[in-house]
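These entries record what I looked up in the structure, one topic at a time. I began with charged pairs and then turned to the sheet and the core.

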Amino acid sequence: MTPRIVGVRGAFDSGKTTLIECLRKVGPNKLELCFADALRSAVSELTGIPVEVTKTDEGKKIVLAGPTATRPPRQWAPVEFLDLLHKIIVQVTGDDHIAKAHASRFAHMLADRGQPVRLKEGMTVGRLLQLMGTECFREIDPNIWVNTLMRKWRELGSPPVLIGDVRFP
């Protein structure tokens, strides 16, 4: 029987992507999903940086706020920022009640107070990915990224899938 889900785990730069590419060529598992897909989409929504850029080492080094920002910093009215965070949380969790309960906590963790609202000074794309991925969303549910990926997989009809960004056994 062909496994429906194959996860690949390994150290940084150990060949996980190469293995996934080979498996896609020879096996039935043609679809690749990543635990970080929803997180990258959330960061892209918040920053305006394309999802593909958030996957690169160079992209993760982009400074989003403060005097060393490598692009014009985004800023929001306080209500606009909370609405955006609410939308992002709903996209990840699928639950409006969770979003209402956590949007202001996310705002305090990610942004400096004041008007207009800006991300914390010195915030990079990589740091934003870390903060949102662990301290923000895992506070909601320690298995948030597994649950989000599984929901997406079921929405796609539960096809054979490869997962190339397994971090923990």
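**Entry 1. A salt bridge between two helices.** I looked first at glutamate 45 and lysine 87, whose side chains form a salt bridge with an N to O distance of 2.8 Å. Glutamate 45 belongs to helix α2 (residues 37–47) and lysine 87 to helix α5 (residues 78–93), so the pair ties together parts that lie 42 residues apart in sequence. I noted that the model is a predicted one. I then checked the accessibility of both partners. Glutamate 45 is partly exposed at a relative accessible area of 27%, and lysine 87 is also partly exposed, at 41%.

**Entry 2. Other salt bridges.** How many salt bridges does a search of the whole structure find? I recorded five. One of them joins the side chains of lysine 100 and aspartate 96, at 3.1 Å from N to O. Both residues lie in helix α6 (residues 96–110), and they are four residues apart, which is about one turn of the helix. Is lysine 100 buried or exposed? I found lysine 100 exposed, with a relative accessible area of 56%, whereas aspartate 96 is partly exposed at 31%.

I also recorded a salt bridge between the side chains of glutamate 32 and arginine 24, with 3.9 Å from N to O. Glutamate 32 counts as partly exposed at 31% relative accessibility. Arginine 24 is partly exposed as well, with a relative accessible area of 36%. As a general remark, side chains of opposite charge can pair when their charged atoms come close.

**Entry 3. The sheet.** I next traced the strands. Three of them form an open sheet, in the order β1-β5-β2, with parallel pairing. The edge strands are β1 (5–9) and β2 (31–33), each of which pairs on one side only. From one strand to the next, the twist averages 25°. Strand β5 (residues 161–166) and β1 pair in the parallel sense over four bridges. Which residue of β5 stands opposite arginine 9? I identified valine 166 in that position. Helix α8 (residues 144–155) packs on the sheet and touches β1, β2 and β5. The direction of α8 makes about 155° with that of β2.

**Entry 4. The nonpolar core.** I then listed the largest nonpolar core, which has 42 residues. The members that touch the most other members are Leu46, Phe81, Leu110, Leu119, Leu128, Met132 and Phe137. At least two core residues come from each of α2, α5, α6, α7, α8 and β5. Which helix gives the largest share? I entered α7, with eight residues. In soluble globular proteins, nonpolar side chains tend to be buried together.

I followed methionine 132 in particular. Apart from its neighbours within four places in sequence, methionine 132 is in contact with Leu39, Ala42, Val43, Leu46, Ile88, Leu110, Phe137 and Trp145.

**Entry 5. Glutamate 135.** I located glutamate 135 in helix α7 (residues 125–140). Glutamate 135 is partly exposed, at 38% relative accessibility. Which residues does glutamate 135 touch, not counting those up to four places away in sequence? I listed Arg105, Met109, Arg127 and Gln130. I also took the C-alpha to C-alpha distance from glutamate 135 to phenylalanine 106: the two are 8.9 Å apart in space and 29 residues apart in sequence.

**Entry 6. Threonine 47.** I closed with threonine 47, which is found in helix α2. Is threonine 47 buried or exposed? Its relative accessible area is 8%, which falls under the 20% cut-off, and I therefore entered threonine 47 as buried. Leaving out residues up to four places away in sequence, threonine 47 touches Leu64, Arg74, Leu119 and Leu128. A polar atom of the threonine 47 side chain lies 3.1 Å from the backbone nitrogen of isoleucine 49. For a longer span, I took serine 14, which is 33 residues from threonine 47 along the chain; their C-alpha atoms are separated by 30 Å.

Technical notes. Residues are numbered from 1 along each chain as its sequence is written. This is a predicted model: local features need pLDDT of at least 70, side-chain atom pairs count only at pLDDT 80 or more; totals for chains, interfaces and linings use all residues. Side-chain values use heavy atoms; hydrogens and water are left out. Two strands pair if DSSP finds at least two bridges between them. Axes are lines fitted to C-alpha atoms, for helices over the stretch in contact, and angles run from 0 to 180 degrees between N-to-C directions. Contact means heavy atoms within 4.5 Å. A salt bridge is a side-chain nitrogen of Lys or Arg within 4 Å of a carboxyl oxygen of Asp or Glu. Buried means under 20% relative accessible area, exposed over 50%, partly exposed in between (1.4 Å probe, protein chains only). A nonpolar core is a set of buried Ala, Val, Leu, Ile, Met, Phe, Trp, Tyr and Cys residues joined through side-chain atoms within 4.5 Å. A polar contact is a pair of N or O atoms within 3.5 Å; within protein, one must be able to donate a hydrogen and the other to accept it, and residues adjacent in sequence count only if both atoms are side-chain atoms.
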